[in-house]
Amino acid sequence: MALPDHCALCHQRAARQVCPDCAHAFDANRPDAPSRCRQCAVALPPLATLSDGAPLSGAEGATICRTSLPLVCGQCLRRRPAFDATLVLADYVAPLDTLMIRLKYHGALPFAREFGERLGDALATCGDDTALLVPVPLAPSRLASRGFNQAWELARVASRRAQLPASAHMLHRERTTAAQRGLSRDARRRNLRGAFVASDGVRGRRVVLVDDVMTTGATCDAAAAALKRAGATHVLAAVALRTPPTS
Ligand SMILES: [Zn+2]
Ligand SMILES: [Zn+2]
């Protein structure tokens, strides 16, 4: 694949699809990156306003920052998802959302390299050199019409980058489900019940479950539940972009 010579976002000359200036949209390059739920990576409100909406005093806020609590969002507290933790690169907002739309719906595969390499870099710093990367599979009908699974494209690149194995044969869609878009959180979960089956190959393994975007987390939850049923010991969801909370 030829190296790009212009940034896909600002069109200045660049050696990557996203130039260093535009790369400030990624959490890793943002001094003001949000804290995220350690389980589902949803952006959390700033620490200083966590206690029933009233700002904490400076000293109190500083104490909470120093202890860097493993924060979990209300949704995950109410119902723990089957995945143990989530890694994301950024929120699913402008300008990065446009690259993901071009990847998924217009087959712009170079963007899989951009997101995949950044996921790979993040995974390499996790220090887990035994994990197996597994993409969230597309429904067979969707795969036939799209011609590629964007999650596998991301996993393939991330696997090379992080020097971790990847396999597209560990997790399958057992049945075709209705499109998730427009469904409520509960309806999404019902829609996906029993949709995935994992193979015995994940028994005793730590799995990195790779997907493009996490919206409510219902897809990763159902996929992770299948991996756990098949004996995976730990599931880290590694997702390029995370839909921010609606309220
Ligand atoms: Zn740029
Ligand atoms: Zn959460």
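User: Is Cys19 buried or exposed?
Analyst: In this predicted model, local features need pLDDT of at least 70, side-chain atom pairs count only at pLDDT 80 or more, and totals for chains, interfaces and linings use all residues. Residues are numbered from 1 along each chain as its sequence is written, and side-chain values use heavy atoms, with hydrogens and water left out. Buried means under 20% relative accessible area, exposed over 50%, and partly exposed in between (1.4 Å probe, protein chains only). Because its relative accessible area is 1%, Cys19 is buried.

User: Which protein donors hold the zinc ion (ligand 1)?
Analyst: Donors are N, O and S atoms within 2.8 Å of the metal (3.2 Å for Na, K and Ca), and since water is not among the atoms, sites may look incomplete. Lying 2.3 Å from the zinc ion (ligand 1), the protein donors are Cys7 (SG), Cys10 (SG), Cys19 (SG) and Cys22 (SG).

User: What is the arrangement of the four donor atoms around the zinc ion (ligand 1)?
Analyst: Four donors count as tetrahedral if all angles lie between 85 and 135 degrees. The four donor atoms here subtend angles of 107 to 113°, and therefore the arrangement is tetrahedral.

User: How are the donor residues of the zinc ion (ligand 2) spaced in sequence?
Analyst: The zinc ion (ligand 2) is coordinated at 2.3 Å by Cys37 (SG), Cys40 (SG), Cys73 (SG) and Cys76 (SG). In sequence, the spacing of these donor residues is C-x2-C-x32-C-x2-C.

Notes:
Chains are lettered from A and ligands numbered from 1 in the order in which they are written. Four donors count as tetrahedral if all angles lie between 85 and 135 degrees; four count as square planar and six as octahedral if opposite donors are over 155 degrees apart and all others between 65 and 115; anything else is irregular.
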